[in-house]
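Colleague: I am new to this one and would like to learn how to read it. Could we look at it together?
Modeller: Gladly; let us bring it up and take the features in turn.

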Amino acid sequence: MEHITLSDGEWKIMKLLWAQSPHTVGEIVKALEGETGWTKPTIFVMLKRLIAKGAVRMDDSGKLQEYYPLIKREDVVPQEVDSFLSRVFDGSVRMMISALTSFNTLKPSAKAVIFSGFGEGQVVNSSSGSS
């Protein structure tokens with residue numbers, strides 16, 4: 001699959017489409033208005049960008065235009081994680097885990113999940129080239 005990069009705003013729309021499709025522009029505006037305050041023209045522009053990227057398709061065969069995802073979340077997440085890891089932590093999983101556990105921004109339950117998943121002697125991801 002071709003690498004598709006999504007902006008933060010595009011992620012919001014894609015999450016909505018992945019959760020349930022199809023959606024009209026009006027439904028998307030209503031679903032995101034409390035979180036984003038975006039108007040119909042803003043959503044429409046973002047949908048046009050997603051269509052141009054090949055992430056969304058529009059069906060206008062009915063009374064209203066409906067939007068569907070063309071990409072799967074599981075196809076985009078690994079690319080986004082790799083991009084984030086490279087950009088922020090120079091590709092080091094060890095640096096990321098250290099940062100996650102040393103800052104006081106994580107709930108204790110989230111830290112427990114990290115520690116239980118990455119116990120002493122466990123390999124995080126042998127194909128990542130860094131640990």
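Colleague: To start with a single residue, is W11 buried or exposed?
Modeller: Buried means under 20% relative accessible area, exposed over 50%, and partly exposed in between, using a 1.4 Å probe and protein chains only. W11 has a relative accessible area of 13%, so W11 is buried. Bear in mind that this is a predicted model, where local features need pLDDT of at least 70, side-chain atom pairs count only at pLDDT 80 or more, and totals for chains, interfaces and linings use all residues. Residues are numbered from 1 along each chain as its sequence is written, and side-chain values use heavy atoms, leaving out hydrogens and water.

Colleague: How many aromatic pairs does the structure hold?
Modeller: A pair of aromatic rings is described by the distance of the centres and the angle of the planes. Rings of Phe, Tyr and Trp (its six-membered ring) pair if their centres lie within 6.5 Å; planes under 30 degrees apart are stacked, over 60 edge-to-face, and the rest tilted. There are two such pairs here. W11 and W18 meet edge-to-face, 5.6 Å centre to centre with 65° between the planes. F84 and F89 are also edge-to-face, at 5.8 Å and 75°. F84 is partly exposed at 35% relative accessible area, while F89 counts as buried at 13%.

Colleague: Which elements does the protein chain have?
Modeller: Helices (H or I, at least four residues) and strands (E, at least two) are DSSP runs, numbered from the N terminus. The protein chain has six helices and two strands, in the order α-α-α-β-β-α-α-α.

Colleague: In what sense do β1 and β2 pair?
Modeller: Strands pair if DSSP finds at least two bridges between them. β1 (residues 56-59) and β2 (residues 66-69) are antiparallel, with four bridges; one of the partnerships joins V56 to P69 in β2. Six residues lie between the strands of this hairpin.

Colleague: How many residues has the largest nonpolar core?
Modeller: A nonpolar core is a set of buried Ala, Val, Leu, Ile, Met, Phe, Trp, Tyr and Cys residues joined through side-chain atoms within 4.5 Å. The largest has 20 residues, and those with the most contacts inside it include I13, I43 and V56. Helices α1 (8-19), α2 (25-36) and α3 (40-53) each supply at least two residues of this core, and α1 gives the most, with five. Apart from this core lies another of seven residues, among them L85, V93, M96 and A99.
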